[in-house]
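Let's take a walk through a protein model, one stop at a time. Have a look at the sequence and the 3D view, and keep both open as you read.

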Amino acid sequence: MTAQRNRTTFWLSAGAVVTVPASAGWWLHGADQELHGKAPVFCGEAIRFLRAAHPPPETARNKQCTKGQWQTTWHNINFQTSRAEAEAWLRIT
């Protein structure tokens with residue numbers, strides 16, 4: 001084999017050795033988040049899944065929407081707002 005071919009073979013092999021475990025780790029991280037209910041999701045998707053009529057109030061703070069799944073799928077919507085706004089949102093939802 002020529003020197004150029006040896007270098008090419010080395011770098012292709014090194015790339016495969018790095019890419020395969022990195023991809024597996026990325027996939028396992030996402031799967032772990034889903035199993036523990038910590039996978040981030042757009043709040044609009046969570047609201048549609050929960051069949052809520054309206055999103056949380058615009059004045060809500062610290063909105064965080066997550067999902068998880070194992071044998072079923074679940075979504076969580078967490079936000080902070082005043083008691084009056086939360087009660088009004090629950091009434092219309």
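What follows is a tour that begins with a helix and ends in the loops.

First, some ground rules. This is a predicted model, in which local features need pLDDT of at least 70, side-chain atom pairs count only at pLDDT 80 or more, and totals for chains, interfaces and linings use all residues. Residues are numbered from 1 along each chain as its sequence is written, and side-chain values use heavy atoms, with hydrogens and water left out.

Start with helix α1, which covers residues 3-35. Helices here are DSSP runs of H or I with at least four residues, strands are runs of E with at least two, and both are numbered from the N terminus. With its 33 residues, α1 reaches 48 Å from its first C-alpha to its last, close to the 48 Å expected at 1.5 Å a residue. That expected span is 1.5 Å times one less than the number of residues. After α1 comes G37, which has a positive phi near 70 degrees.

Now look along the side of the helix for W27, which lies in α1. Is W27 buried or exposed? It counts as exposed because its relative accessibility is 57%. The labels work like this: buried is under 20% relative accessible area, exposed is over 50%, and partly exposed is in between (1.4 Å probe, protein chains only). W27 also joins W26 and L28 in a nonpolar surface patch of about 460 Å². Patch residues have over 30% relative accessible area and no salt bridge; like charges are joined within 9 Å, and nonpolar side chains (Val, Leu, Ile, Met, Phe, Trp, Tyr) within 5 Å. A salt bridge, in turn, is a side-chain nitrogen of Lys or Arg within 4 Å of a carboxyl oxygen of Asp or Glu. The areas come from the Shrake-Rupley method with a 1.4 Å probe, and for residues only the protein chains shown count as cover.

Next, let's head inside. In soluble globular proteins, nonpolar side chains tend to be buried together. Which residues make up the largest nonpolar core here? There are six: V41, A46, I47, A52, C65 and I77. A nonpolar core is a set of buried Ala, Val, Leu, Ile, Met, Phe, Trp, Tyr and Cys residues joined through side-chain atoms within 4.5 Å. Leaving aside neighbours within four places in sequence, V41 is in contact (heavy atoms within 4.5 Å) with A46, C65, T66, K67 and H75.

One of those partners, T66, sits in strand β2, residues 61-69. T66 counts as buried because its relative accessibility is 8%. Residues up to four places away aside, T66 touches G37, K38, A39, V41, W74, H75 and N76, so here we meet the glycine that follows α1 again. Strand β2 also holds N62, but that residue is exposed because its relative accessible area is 56%. N62 has a positive phi of about 55 degrees although it is not a glycine.

From N62 you can hop to Q80, since Q80 is in contact with A60, R61 and N62 once neighbours within four places are set aside. Q80 is found in strand β3, and at 41% relative accessibility it counts as partly exposed.

Finally, visit the loops. T81 lies between β3 (73-80) and α3 (83-92). How far is T81 from S23? They are 58 residues apart in sequence and 39 Å apart in space, C-alpha to C-alpha. For H54, in the loop between α2 (43-49) and β2, the partner to look for is T93: the two are 39 residues apart in sequence and 6.1 Å apart in space, C-alpha to C-alpha. Leaving aside neighbours within four places, H54 is in contact with I47, W89, I92 and T93.
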